[in-house]
Amino acid sequence: MPSPYRAIFGRPGTKSFSAAGLLGRMPLSMMSIGVVTMVSQLTGRYGLAGALSATLALSAAVLGPQISRLVDRHGQSRVLRPATLVSIAAVAGLLLSAQQGWPDWTLFVFAAGAGCVPSIGSMIRARWAEIYRGSPRELHTAYAWESIVDETCFIFGPILSIGLSTVWFPEAGPLLAAVFLAVGVFWLTAQRTTEPVPHPRELHVKGSALRSRGLQVLVVTFVTTGAIFGAIDVVTVAFAEETGHKAAASLVLAVYALGSCAAGAVFGLLHLRGHASRRFVVGVCVIAVSMVPLQLVDSLPLLAVALFLAGLSIAPTMVTTMALVEEHVPRSQLTEGMSWTGTGLAVGVALGSSAAGWVVDAAGAGRGYLVPAAAGVLGALVALAGHRRLRPQTASPVTEPAAAGAPSAHGGAVLRPQDEESVA
């Protein structure tokens, strides 16, 4: 492990909570694609599969920030376990209704309930933020590490989920995802020493973290990014099936995540100058451009190469986003703020997977890759239009009071407009 990564694990408990976060986040990459694979196996209906995946994502988008808000106020251990039990019970109902061939509406009811799942990535990043408060370089490396963990989940999760559902039995992928969720959450919440202390009631900021204008830009942009992810999942499974190698879809999607993982590992070693807002806009634009080669592929090997290249811009953009979230929301709402970006992704996954499912049913898998391309263009336009909201700023109505020139999440001081003028 490169020395900057080894250094961040010098604090007690860091290895343990990061490992628990790895298990707890496996469902992020397994559940949605597992439901798509399960339903397509049992019914052959990609439209229904995509709609169920969308329902699951939308439910998580609605419930996730509310769970994170409760965590900010009451602590991780008091909130995460009950929420996880509700989600696991709903997943059990979803698998049973699919296996028994119950009416479609029962599938949607249980899929909505399964969305009551905590944003484990936000919980882990909140622990890193607490440990390395005031140490921007270490926090940058920690966020990069967690992006590597995210992509590790996306490398192995689809392989496990699609592989088990196609080789063993259709419900196997989502079932294993539920097991990972239970083990990860209960292991994480047993670690009290690294859990961020809930903020006193008098320090709670009224209203949602989403009042931040900068966070609004990040969330809307992440809706388009999520649409890319959701569409690519659905279309890749369909594309692999059309070529006669459906199980290979998991390997192709793993290559997509591998590209992101490799880029994230390198990005964590860098200490870049300039404000993160510029890197964010560049990253989103590169993601959009990377969708173009997908329109030209006609085989699984070429698709894997195109997705690997597309993945190179993902993790750096995600790391930059987390740094921007920390800058634009008060610390007492940090977990909620991070969860809102996950909500944006979830909404996008819902829209992208649903749209891609209908396009595949209507026109075939080849045309399905037009969906992530359109989402990429829209995301670039949103990021460019909202760039000014992401630039350095002082405390606003949604930020906690802080001294001018306090360290930002990017290793520099947060400059007031007049400070910027004087520097110029």
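A cavity here is a set of grid points where a 1.4 Å probe fits but cannot get out, and its lining residues have an atom within 4 Å of a point. With that in hand, here's the quick tour of this predicted model. The protein chain is helical territory, with 17 helices and zero strands. Its biggest enclosed space is lined by 50 residues, and a network of salt bridges links Arg25, Arg125, Glu146 and Asp150.

**Overall build**
- Of the 424 residues in the protein chain, 57% are buried.
- Take the contacts between residues at least 6 apart in sequence, and 83% of them join residues at least 24 apart.
- About 17,100 Å² of the protein chain is exposed, with carbon and sulfur atoms supplying 66% of that area.

**Cavities**
- Searching the whole structure turns up three cavities of 30 Å³ or more.
- The largest cavity comes in at a volume of about 1,200 Å³.
- Nearest the centre of the largest cavity lie Leu28, Ser29, Phe154, Gly342 and Leu345.

**Salt bridges**
- The count comes to four salt bridges.
- Arg25 pairs with Glu146, their closest N and O atoms sitting 2.4 Å apart. Since Arg25 is in helix H2 (residues 14–43) and Glu146 is in helix H7 (residues 136–167), the pair ties together parts that are 121 residues apart in sequence.
- Arg25 also meets Asp150 in a salt bridge, at 2.8 Å from N to O. This one links helix H2 to helix H7 as well, across 125 residues.
- Asp150 has another salt bridge, with Arg125, at 2.7 Å from N to O. Arg125 is in helix H6 (residues 120–131) and Asp150 in helix H7, so this pair joins parts 25 residues apart in sequence.
- How exposed are these charged residues? Arg25 has 3% relative accessibility, Glu146 has 0% and Asp150 has 14%, so each counts as buried under the 20% cut-off. Arg125 is buried too.

**Around Ala227**
- Ala227 sits in helix H9 (residues 213–242), and it's buried, with a relative accessible area of 11%.
- Setting aside neighbours within four places in sequence, Ala227 is in contact with Gly348, Val349, Gly352 and Ala375.
- The C-alpha atoms of Ala227 and Gly344 are 9.4 Å apart, although 117 residues separate the two along the chain.

**On the surface**
- Val305, Leu309 and Leu312 make up a nonpolar surface patch, with about 260 Å² of accessible area together.
- Val305 belongs to helix H12 (residues 300–311).

Key:
Residues are numbered from 1 along each chain as its sequence is written. This is a predicted model: local features need pLDDT of at least 70, side-chain atom pairs count only at pLDDT 80 or more; totals for chains, interfaces and linings use all residues. Side-chain values use heavy atoms; hydrogens and water are left out. Patches are made of residues with over 30% relative accessible area and no salt bridge: like charges are joined within 9 Å, nonpolar side chains (Val, Leu, Ile, Met, Phe, Trp, Tyr) within 5 Å. Accessible areas come from the Shrake-Rupley method with a 1.4 Å probe; for residues, only the protein chains shown count as cover. A salt bridge is a side-chain nitrogen of Lys or Arg within 4 Å of a carboxyl oxygen of Asp or Glu. Helices (H or I, at least four residues) and strands (E, at least two) are DSSP runs, numbered from the N terminus. Buried means under 20% relative accessible area, exposed over 50%, partly exposed in between (1.4 Å probe, protein chains only). Contact means heavy atoms within 4.5 Å. On a 1 Å grid over the protein atoms alone, a cavity is a set of points where a 1.4 Å probe fits but cannot get out, and a pocket is an open set with protein on both sides within 12 Å along at least five of seven lines; lining residues have an atom within 4 Å of a point. Grid points are joined across faces, edges and corners, and a volume is the space filled by probe spheres set on the points.
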